[in-house]
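Here's a stroll through one protein model and its ligand. Have the sequence and the 3D view open side by side.

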Amino acid sequence: MLRLQNVSKQFDGKPALSALSLEIRDGEFVVLVGPSGCGKSTLLRLLAGLDEVSGGEIWLREENITTMTPRERNFAMIFQNYALFPHLSVRDNITFGMKIRKEDKASWQPRLAQVAQMLQLDDLLDRKPAKLSGGQRQRVAMARAIVRNPRLFLMDEPLSNLDARLRTEVRDSIMALHQQLKTSTVYVTHDQTEAMSMADRIVVLNGGHVQQVGRPEHLYARPANLFVAGFIGSPAMNLLRLPCAEGQVRVGELTYPLPPAWATQREVWFGLRPEHITDSPGPQALTLPATVIQRELMGADYLLHVSTPTGALRYTRRHRGAIPEKGDTLTLGFSPADIHLFHAETQHNLL
Ligand code: ATP
């Protein structure tokens, strides 16, 4: 539906986005995720038409929209700072744009009713924004955006100013809305957990470059490189730079075979997710001795920081039975199937 071809953006000669190509399918919910400054908002602004591309093209179906104005594009933007008009009622906030454009009331009245119902705002239409909760205000901002029947939604961290409970509430509203409308959406966040839970597909950006595009499960199971491995998943993957000899990587006393094409490597990045390590290993597991350095309660799980002959690791432990304490010695185990290996220099996934 939407195609970006080699899109780039420079600010004062400095690249903020480099040759980015991406396709967004009809009805898809795509999440752009990456650390601060990676170019997420820049990309969203280019899509909205608020900034001009420095190079490349943007296509909407068969139409080249690269130089179209925001208005011609008819995309809806939802930002973190949902500026509502304080002196207008919820109803007037939602319909403001249509009144300005002098659209026929008969044409938007039914849409207002439908959108208000969808976002559970029916009973609030006569209230002023000051008398709404943060989540309700954000839903009004969403209603204002969708009542125009846009071709695409662009959302820039719409949850970031909300507290944890409201964040869940508004996130659920966004997902329910998407289920009903099936309008293609590009959603920006720096929070990988949010990305994992909402996205049909995730685009991981870093330093203005696309690192990987794929379904959340795929990014979790098969990160393309060291950056994605460390960024996707919480708590973050353990990553250790380990020596290799004779086609094997050494993990403490253990050795693990490198893929034949990489048998001459002298070092690799070894990755293991905290949730893939256990302190009660079965007979098939690879094992490592460990000493507990610190333990952290994280709700349902504990996160244990341990030292091993191979380096420091962290693993998660269900809150059940006797939880190891600082100073305890353990045998940790993991399955060879859960190991990730990355090239020491290119940082690409080797497996
Ligand atoms: P954050 O999560 O912090 O909002 P982001 O991923 O959205 O970050 P962008 O705002 O897209 O990042 O910025 C990408 C890069 O472009 C940054 O290095 C930023 O400093 C730079 N940049 C963004 N807008 C401008 C501008 N108007 N003028 C100059 N540089 C800019």
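What follows starts at the ligand, moves through the sheets, and ends with some backbone oddities.

This is a predicted model, so a bit of housekeeping: local features need pLDDT of at least 70, side-chain atom pairs count only at pLDDT 80 or more, and totals for chains, interfaces and linings use all residues. Residues are numbered from 1 along each chain as its sequence is written, and side-chain values use heavy atoms, with hydrogens and water left out.

**Around the ligand**

Which residues surround the ligand? They are F11, A16, P35, S36, G37, C38, G39, K40, S41 and T42, where a residue counts as near if one of its heavy atoms lies within 4 Å of the molecule. By type, that shell divides into four nonpolar, five polar and one charged residue. Here Ala, Val, Leu, Ile, Met, Phe, Trp, Tyr, Cys and Pro count as nonpolar, Asp, Glu, Lys and Arg as charged, and the others, Gly among them, as polar. Helix α1 (residues 40-48) supplies the largest share of the shell, three residues. Helices (H or I, at least four residues) and strands (E, at least two) are DSSP runs, numbered from the N terminus.

Polar contacts are pairs of N or O atoms within 3.5 Å; within protein, one must be able to donate a hydrogen and the other to accept it, and residues adjacent in sequence count only if both atoms are side-chain atoms. On the ligand side, each contact below uses an oxygen atom.

| Residue | Protein partner | Distance to a ligand oxygen atom |
|---|---|---|
| S36 | N or O atom in the side chain | 2.6 Å |
| C38 | polar backbone atom | 3.1 Å |
| G39 | polar backbone atom | 3.0 Å |

Taken alone, the ligand exposes 630 Å², and the protein buries 54% of that. Those areas come from the Shrake-Rupley method with a 1.4 Å probe; for residues, only the protein chains shown count as cover.

**The six-stranded sheet**

Next up is an open sheet of six strands, ordered β6-β7-β8-β3-β9-β10, with mixed pairing. Two strands pair if DSSP finds at least two bridges between them. β6 (75-78) and β10 (209-214) are the edge strands with a single partner strand each, so one side of each has no neighbour in the sheet. From one strand to the next, the twist averages 15°. Axes are lines fitted to C-alpha atoms, for helices over the stretch in contact, and angles run from 0 to 180 degrees between N-to-C directions.

β6 runs parallel to β7 (residues 152-156), and four bridges join them. Across that pair, M77 sits opposite L154 in β7. The ligand-lining helix shows up again here: α1 packs on the sheet, touching β3 (29-33), β6, β7, β8 (185-189) and β9 (201-206), with contact meaning heavy atoms within 4.5 Å. The direction of α1 makes about 150° with that of β7. Helix α5 (residues 134-146) packs on the sheet too, touching β6 and β7, and its direction makes about 170° with that of β6.

**The five-stranded sheet**

Further along the chain, five strands form an open sheet in the order β15-β19-β16-β17-β18, with antiparallel pairing. The edges are β15 (277-278) and β18, each with a single partner strand, so one side of each is left without a neighbour in the sheet.

β15 and β19 (residues 329-334) are joined by two bridges, and I277 has F334 in β19 as its bridge partner. β16 (residues 286-298) pairs with β19 over six bridges, with T287 opposite G333 in β19. β17 (residues 301-308) and β18 (residues 311-318) share eight bridges and form a hairpin with two residues between them. In this pair, L304 stands opposite Y315, and T308 stands opposite G311.

**Backbone oddities**

Most residues other than glycine have a negative phi, and most peptide bonds are trans. N6, not a glycine, has a positive phi of about 50° and lies in β1 (residues 2-11). β1 runs antiparallel to β4 (residues 55-60), with five bridges, and Q5 has E57 in β4 as its bridge partner. Seven bridges join β1 to β2 (residues 14-24), also antiparallel, and Q10 stands opposite P15 in β2. Those two strands form a hairpin with two residues between them, and D12 in the turn has a positive phi of about 50°.

Where is the cis peptide bond? It joins S234 and P235, with omega about -5°. P235 is in the loop between α9 (226-231) and β11 (238-245).
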